[in-house]
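Trainee: Please take me closely through one part of this model. I would like to follow the surroundings of one ligand, then see how they connect to the rest.

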Amino acid sequence: MTGGSVGDVVTRYHTLRSPLHLESGAVLGNVVIAYEQYGCSPAPGNTILVCHALSGDAHAAGMHKGDKHPGWWDGVIGPGKALDTDRYCVIATNVIGGCKGSTGPASINPETKLPYGPDFPVITIRDMVAAQHSFLTELGIHDLYAVVGGSMGGMQSLQWSVEYPGFARRIVVIAAAGYSTPMHIAFGAVGRAAIMTDPAWKGGRYPMDEKPDHGLSLARMMAHITYLSDQSMHKKFGRRLQEKTEYGYGFETEFSVESYLKHQGRSFVQRFDPNSYLYITKAIDYYDLTRNGSLAEGLEGADAKFLILSVSTDWLYPPYLSEEIVMALNSLGKDVQYTEVMSGFGHDGFLLEDDQMNYLIGRFLTPLTVEDIMNRDPPTICGCATIRAAAATMIEREVNHLPVLHTDGTLCGIVTSWDIAKAVAGEHVKLDEIMTKDVLSVSSNDTLRDAARILDQHHISALPVVTGGKVVGMLTSEQLSNIVERR
Ligand SMILES: CC(=O)SCCNC(=O)CCNC(=O)[C@H](O)C(C)(C)COP(=O)(O)OP(=O)(O)OC[C@H]1O[C@@H](n2cnc3c(N)ncnc32)[C@H](O)[C@@H]1OP(=O)(O)O
Ligand SMILES: N[C@@H](CCO)C(=O)O
């Protein structure tokens, strides 16, 4: 699926009119939410909220003037892309606790006129979602077509489904989990230790021009390894040596992977605040929808259609964590679709596999309808015709089903090749004697899932497509199976 870009964009800022009552019991006032809005104007049922991962922000798509890279999910958001801005209003926000415009530890505490630093209250994924909900309702948005997120964004998506059941009709959870595993917590702990043991950290009360960048850089270097895969690292770096760029243990050369990680560490400290890293990784570690006993109990209240996606080589959020979500949702009878995306990129695959993300998310958000695959010129037969004439038409047009029409062109029945075989055995002559009069049909904008459900429930293999009483097409189980094979 290709598509255009949303073009030049700007980040906007909204100050919440009401204070946030956080899960810890703390109250956070004067909360600013940084956001970007793309595509259509928000209207009931057309707004999609995009939730970012650990180091993401509100700049999900388009270009900021002067930047060399677009927003972090530009490949999936835009005209004709999965998050189709010709069809939807797409909004991305920066989470509270972040450092890209929304209120976080680096924001000025109105009481002290100094950065909050360690005085910033502990925040959770639930608090992030509550802030998004307050923001949206203050913008006059009281429902969502979908919430879409990867990694920590996927945790936010899941939280949306249980915190505000029914507010969002569709929930997309990518490369995520219903809880943080001990391994997640372990990586978070080492990253936080790297920051807090940096002498420049000063208990979190560091001057903004003397941040513990060394510790933050180390935290990012380690975390970034978890976003890649053994396969992608072999391919990207191998054992290549390259000229040393800076400290390299005194050797004249260093491995390509060393240089890459140092680059990622260096560029990360330019755009991220160490205290935000502490608060957000802690929020990720605290995330646990199983805390009331099981994931199924944690998801019980959810009211939405779900798409769960995992990445085959993701060893930070391995597919089993997504499969657990799917099994929990299935056990609750929820409407859930699941795909393991085949990718060598590891966890960050959800940021790189644009074609697969566009296809899978696009098909879920904007499902194929009957009109997309129906036979638009189906042969029909008049109810006054003979069985012989119907048989001849089926042979000539190589079909097994014929919608039967009244003289005014409206549908009055359907006859199948099996009906005709029975008729010949029973020596019937008139169509009226053998056709099915109580005809099941679909409309052109019904989804293929709904059509497939009718075919399956009634053990039939074709459905006339009817608009205004007139037959405008024909959908057969063969067309549906062709679609499945092409997927
Ligand atoms: C998901 C969210 O919510 S937002 C967060 C998304 N953004 C990030 O995580 C930023 C850091 N993460 C990344 O860059 C991720 O790897 C991705 C998925 C976003 C981008 O992946 P890729 O397109 O494969 O880029 P890659 O990871 O190779 O990094 C490319 C950069 O590394 C540099 N690089 C590549 N190899 C080397 C090397 N051997 N030595 C030094 N630098 C190197 C490139 O020059 C390039 O520099 P740039 O950052 O100035 O563009
Ligand atoms: N690499 C992305 C995904 C992490 O889960 C980020 O830094 O946010």
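**A close look at ligand 2**

Mentor: Start with the make-up of the shell around ligand 2: three residues are nonpolar, three are polar and two are charged. Keep in mind that this is a predicted model. The names come next. The shell consists of A53, L54, S55, S151, R220, Y227, H347 and D348.

Now take the polar contacts. On the backbone side, a polar atom of L54 sits 3.3 Å from an oxygen atom of ligand 2. R220 uses its side chain: one polar atom there is 2.9 Å from a ligand 2 oxygen. D348 also uses its side chain, with a polar atom 2.9 Å from a nitrogen atom of ligand 2. How much of ligand 2 does the protein bury? On its own ligand 2 exposes 260 Å², and the protein buries 94% of that.

Look at S151 next, since it belongs to the shell of ligand 2. It lies in the loop between β11 (144-150) and α2 (152-163). Is S151 buried or exposed? Its relative accessibility is 8%, under the 20% cut-off, so it counts as buried. The S151 side chain makes a polar contact of 2.8 Å with the side chain of H347. H347 is itself listed around ligand 2. That puts a protein-protein contact between two members of the ligand 2 shell.

Move on to ligand 1. Two names return: A53 and R220 appear around ligand 2, and both are among the closest residues to ligand 1. The others given as closest to ligand 1 are K236, S259 and Y260, in a shell of 21 residues. That shell divides into six nonpolar, ten polar and five charged residues.

Three contacts deserve a look. A53 brings a backbone N or O atom to 2.7 Å from an oxygen atom of ligand 1. K68 works through its side chain, where an N or O atom is 3.2 Å from a ligand 1 oxygen. H263 does likewise, at 3.0 Å. The protein covers 67% of the 980 Å² that ligand 1 has accessible on its own.

Which helices supply the shell of ligand 1? α4, α6 (256-271) and α10 (349-352) each give at least two residues. α6 provides the largest share, with six.

α4 also leads us outward. K202 lies in the loop between α3 (182-196) and α4 (213-227). Its phi is positive, about 50 degrees, although K202 is not a glycine. At 46% relative accessibility, K202 counts as partly exposed. Compare K113, another residue other than glycine with a positive phi, near 60 degrees. K113 sits in the loop between β9 (108-109) and β10 (114-115). At 60% relative accessibility, K113 counts as exposed, because the cut-off is over 50%.

Stay with α3 for one more surface feature. M183 is in that helix. It counts as partly exposed, at 32% relative accessibility. Together with I225 and W315, M183 forms a nonpolar surface patch of about 230 Å² of accessible area.

Finish with a contrast. M357 lies in helix α11 (residues 354-365). It has 0% relative accessibility and so counts as buried. Its C-alpha atom is 38 Å from that of P379, which is 22 residues away along the chain.

Technical notes
Residues are numbered from 1 along each chain as its sequence is written. Chains are lettered from A and ligands numbered from 1 in the order in which they are written. This is a predicted model: local features need pLDDT of at least 70, side-chain atom pairs count only at pLDDT 80 or more; totals for chains, interfaces and linings use all residues. Side-chain values use heavy atoms; hydrogens and water are left out. Helices (H or I, at least four residues) and strands (E, at least two) are DSSP runs, numbered from the N terminus. Buried means under 20% relative accessible area, exposed over 50%, partly exposed in between (1.4 Å probe, protein chains only). Patches are made of residues with over 30% relative accessible area and no salt bridge: like charges are joined within 9 Å, nonpolar side chains (Val, Leu, Ile, Met, Phe, Trp, Tyr) within 5 Å. Accessible areas come from the Shrake-Rupley method with a 1.4 Å probe; for residues, only the protein chains shown count as cover. A salt bridge is a side-chain nitrogen of Lys or Arg within 4 Å of a carboxyl oxygen of Asp or Glu. A residue is near a molecule or strand if one of its heavy atoms lies within 4 Å of it. A polar contact is a pair of N or O atoms within 3.5 Å; within protein, one must be able to donate a hydrogen and the other to accept it, and residues adjacent in sequence count only if both atoms are side-chain atoms.
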